[in-house]
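Here's a quick walk through one protein chain, from the overall picture down to a few residues worth a look. Have the viewer open and follow along.

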Amino acid sequence: MAAFSAFRLLPPHPIPLQSTLFKPSIPFLSYSSHHLSFSSSKPSISSSTFSSRLHPIQVAPSDLLADKTDLGPVPEISREVALELYEDMVLGRSFEDMCAQMYYRGKMFGFVHLYNGQEAVSTGFIKLLKKADTVVSTYRDHVHALSKGVSARAVMAELFGKATGCCRGQGGSMHMFSAEHGLLGGFAFIGEGIPVATGAAFTAKYRREVLKESDCDLVTVAFFGDGTCNNGQFFECLNMAALWKLPIVFVVENNLWAIGMSHFRATSDPEIWKKGQPFGMPGVHVDGMDVLKVREVAKEAIERARRGEGPSLVECETYRFRGHSLADPDELRRPDEKAHYAARDPILGLKKYILEHNLATESELKTIEAKIDDVIEDAVEFADASPVPPRSQLLENVFADPKGFGIGPDGKYRCEDPGFTQGTAQV
């Protein structure tokens, strides 16, 4: 518990100090006239030997969770940044809309989970990263891949199961991966990407502190949903990351629904940002429908990790505009709830900001939208014309051991035998 005194927690509303069960040794954040200040009460537990310090982060008010405090205006951004954010968000939305069309036309198979409505989270975080920084995603991973720099062609071809996809057609919708772009994968089972992200952050710390690569300041961002936050590996990795002060940001994309289970029915405390506190990790809640507020919080969390000051837990309260997957009729969520969040569309919100602050004209934004339409059309044509993977690829990338399952007595891959897949479905 002594380590707690090293951190300043960042709740979206003051925390009462009257608890008789636990008397924290943390300087608590309080609000006064829209300014942030910390209490000066002395901890009752011996102070920590850690010297790290978390700088205050602007916290956006929650849409559903009680607090309605306005902590100040949205930070100003340059024209270049505004247009970069707008283009990335439009790319993500348009790409997912096209995925829906292609899925219903039979060009994609299996489950396809779309990201519509959550673009502010992906763009707000990933556009602040270096190319060598790493990102770990979930089954809702198409837009994370696009934001990290994977081409629309490579992502669409992967969704079509083609050899030109970013995983040569072997990953599909839920398993986007690109070593070149630092995308360490989408993961179909909830929570399984978090240990991978923690390992990537450990790698960066090991390279810097043990291998003495002084220029290695890489950061990992782990994305996952609210349904993951009651799973064991989530807590195990928070503990490990805090213990070793790993350069990682845990980003909860809280879209309020885990498939058909409401977040408020599934957890004893719906405020996920608090779950970092027992590990001495700062937690933040932010409006995930506002890319500028997300970006402000992301900037501080990423810079903090890059300085070697350890992990952060950021809860982005957002909303998906479609069902859980394209196979979901989306009948469980109330129409008024969906309408409420549709009115807070993050792309329209950014567009309004850009126009009101004279950062671009309506014509310039339409030019960006037309450019994205061309990119999407090109991606579909490329994917449709691309070849399917050869049969010889069937057992590649399955086992790392060159003498493993896929090698025959003659030392050649069994899958290279033309008769190996005889009687099975065509690849």
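A quick definition before we start: contact here means heavy atoms within 4.5 Å. Also keep in mind that this is a predicted model.

With that cut-off in hand, take methionine 156. Setting aside neighbours within four places in sequence, methionine 156 is in contact with Phe95, Met98, Met108, Ala379, Val380 and Ala383. Methionine 156 also turns up in the largest nonpolar core, which has 69 residues. Together with Phe95, Met108, Phe125 and Val249, Met156 is among the members that touch the most others in that core. Which helix gives the most to this core? That's helix 1, residues 79-104, with 14 residues. Another core lies apart from this one: it has 20 residues, including Ala197, Phe224, Ala242 and Val252.

Now zoom out for the overall numbers. The protein chain has eleven helices and nine strands. It runs to 427 residues, and 50% of them count as buried. If you take the contacts between residues at least 6 apart in sequence, 73% join residues at least 24 apart. As for the outside, the accessible surface comes to about 19,800 Å², and carbon and sulfur atoms account for 56% of that.

Next up, strand 4. Is strand 4 largely enclosed or largely open? It covers residues 220-225, and five of those six residues are buried, so strand 4 is largely enclosed by the rest of the structure. It pairs with strand 3 (residues 134-136) through three bridges, and the two run parallel. One pair to click on there is valine 135 and its bridge partner in strand 4, valine 221. Strand 4 is also joined to strand 5, by six bridges, again running parallel. For that pairing, look at glycine 225, whose bridge partner in strand 5 is glutamate 253. Between these two strands the chain passes through helix 6 (residues 232-243), making a β-α-β crossover that is right-handed.

On to backbone angles. Most residues other than glycine have a negative phi. Two residues in this model go the other way: leucine 256 has a positive phi of about 75 degrees, and aspartate 330 has a positive phi near 55 degrees. Leucine 256 lies in the loop between strand 5 (248-254) and strand 6 (257-258). Aspartate 330 lies in the loop between strand 9 (312-317) and helix 9 (335-342).

Serine 178 is another loop residue, placed between helix 4 (152-159) and helix 5 (193-209). Its side chain makes a polar contact of 2.8 Å with the side chain of histidine 181. Leaving out neighbours within four places in sequence, serine 178 is in contact with Val150 and Leu183.

So are these three loop residues buried or exposed? Here are their accessibilities:

| Residue | Relative accessibility | Class |
|---|---|---|
| Leucine 256 | 2% | buried |
| Aspartate 330 | 15% | buried |
| Serine 178 | 10% | buried |

The cut-off for buried is under 20% relative accessible area. Leucine 256 counts as buried because its value is 2%. Aspartate 330, at 15%, counts as buried too, and so does serine 178, at 10%.

Note on methods
Residues are numbered from 1 along each chain as its sequence is written. This is a predicted model: local features need pLDDT of at least 70, side-chain atom pairs count only at pLDDT 80 or more; totals for chains, interfaces and linings use all residues. Side-chain values use heavy atoms; hydrogens and water are left out. Helices (H or I, at least four residues) and strands (E, at least two) are DSSP runs, numbered from the N terminus. Buried means under 20% relative accessible area, exposed over 50%, partly exposed in between (1.4 Å probe, protein chains only). A nonpolar core is a set of buried Ala, Val, Leu, Ile, Met, Phe, Trp, Tyr and Cys residues joined through side-chain atoms within 4.5 Å. Accessible areas come from the Shrake-Rupley method with a 1.4 Å probe; for residues, only the protein chains shown count as cover. Two strands pair if DSSP finds at least two bridges between them. A crossover is right-handed if, with the strands pointing away from the viewer, the path from the first strand over the helix to the second runs clockwise. A polar contact is a pair of N or O atoms within 3.5 Å; within protein, one must be able to donate a hydrogen and the other to accept it, and residues adjacent in sequence count only if both atoms are side-chain atoms.
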